Amino acid sequence: MSAAAGAIRAALATQPRVDLATLPTPLEEGPRLPGGARLLVKRDDLSGLGMGGNKARKLEFLCGAAAARGVDTVVTVGAAQSNHARMTAAACARLGWEAHLVLGRSPSLESPAGNQLLSRLFGARLHVVDTEDWGELQHAAEDLSAKLTNAGRRVELIPMGGSTPVGALGFLGAWVELLDQCERRGELPSVVITASSTAGTHGGLLAGRSFCRAAGVPVPDLVAIGVAKGSPELAERARRLAEGCLCAAGLAPDAVADEPVEVDERAVGPGYAVPTEEADASIVWAARRAGWVLDRVYTGKAFAGMLMLDREGRFPSDRPVVFWHTGGQPALFAPGGAPDSGGWE
Ligand SMILES: *Cc1c(COP(=O)(O)O)cnc(C)c1O
């Protein structure tokens with residue numbers, strides 16, 4: 001392990017944290033990409049907490065900070081099929097806290113499916129708001145937090161996606177975890193690809209990359225595939241979260257300023273959670289070639305974005321590409337969550 005990676009590990013060890021995720025997640029070899037590069041998949045879908053996904057890493061630090069403040073109730077917020085909300089519900093179940101989930105416009109909760117079914121199973125209270133506007137959802141969550149606080153609860157409000165500097169600490173650690181696994185394999189990937197929607201995953205990885213790069217450690221490129229249209233500031237948000245996350249860890253954030261921040265938004269299609277043909281084709285590709293399950297909202301689009309870069313010749317064939325599997329499988333079991341079988345049977 002490099003000195004820079006050691007410094008990150010040591011800094012993270014001083015942060016309040018609760019043990020929620022099964023780490024390290026596997027780095028699994030897959031089929032070659034059509035362009036010839038080998039594909040490694042970072043299986044954060046196997047992070048364990050409440051059926052897994054990337055939010056487990058953020059929640060370890062977010063809930064650690066909340067526990068240090070003596071919280072007994074968590075309010076969080078997300079889209080109708082929020083993976084983040086589902087995993088927050090699971091974290092609260094484990095910590096003995098009350099969970100309130102403010103969710104965007106959804107079909108009736110009388111027969112909840114996918115993430116909502118699991119969230120209910122984990123004991124969370126679901127508050128559906130008839131909007132898809134992320135700002136309005138955040139306001140509704142703030143109102144609910146104020147109400148619960150007035151009623152005597154000790155409330156932590158975790159914003160959309162858990163994407164705060166503290167949440168991003170989880171992915172600062174994940175960057176080091178990945179470099180460590182690559183070192184053991186004796187190979188350095190050319191590029192790391194991840195889906196990005198609230199930029200916390202990207203921001204944390206970016207923090208790790210810039211800190212290591214500034215210390216002279218060879219690092220792969222990092223490309224975020226945007227999956228939420230209407231976030232033109234996604235790159236700027238990732239940069240701010242990277243800086244905030246290094247500061248929160250007590251590390252110098254200087255290197256982030258001249259770090260290249262790459263967000264590719266071509267795979268998002270018409271909008272967040274709107275299916276695309278390319279994402280559906282990616283879901284089938286990954287399922288049939290490797291038995292991996294991607295979803296229509298995040299990982300299918302990220303994979304489609306990666307295949308697009310592959311077609312453009314971005315990946316040298318003598319070095320592997322890492323695809324960060326951020327999870328999202330429960331959404332497949334909600335209405336409209338899986339590609340229409342007519343397309344592939
Ligand atoms: C939340 C989520 C993402 C995006 O992570 P951000 O940190 O919000 O950018 C990607 N994939 C899945 C499955 C998610 O649930």
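**Exercise 1.** Why is the sulfur of C245 not in a bond with the closest cysteine sulfur, in C247?

Solution. The model is predicted; local features need pLDDT of at least 70, side-chain atom pairs count only at pLDDT 80 or more, and totals for chains, interfaces and linings use all residues. Residues are numbered from 1 along each chain as its sequence is written, and side-chain values use heavy atoms, with hydrogens and water left out.

Step 1: A disulfide is a pair of cysteine sulfur atoms within 2.5 Å.
Step 2: The sulfurs of C245 and C247 are 9.1 Å apart, which is too far for a bond.
Step 3: C245 has a relative accessible area of 0% and is buried (buried: under 20% relative accessible area, 1.4 Å probe, protein chains only).

**Exercise 2.** Find how many disulfides the structure holds, then examine C63.

Solution. Step 1: The number of disulfides is zero.
Step 2: For C63, the nearest cysteine sulfur belongs to C92, 5.9 Å away.
Step 3: C63 counts as buried because its relative accessibility is 1%.

**Exercise 3.** State the strand order of the open six-stranded sheet and identify its edges.

Solution. Step 1: Strands are DSSP runs of E with at least two residues, numbered from the N terminus, and two strands pair if DSSP finds at least two bridges between them.
Step 2: The order is β1-β2-β10-β7-β8-β9, and the pairing is mixed.
Step 3: β1 (27-29) and β9 (262-264) are at the edges; each has a single partner strand, so one side of each lacks a neighbour in the sheet.
Step 4: Inside this order, β2 (residues 39-43) and β10 (residues 321-325) pair in the parallel sense over five bridges, with L39 opposite V321.

Definitions and conventions: Helix = DSSP H or I, 4+ residues; strand = E, 2+ residues; numbered from the N terminus. Buried < 20%, exposed > 50% of the residue type's maximum accessible area, 1.4 Å probe, protein only.
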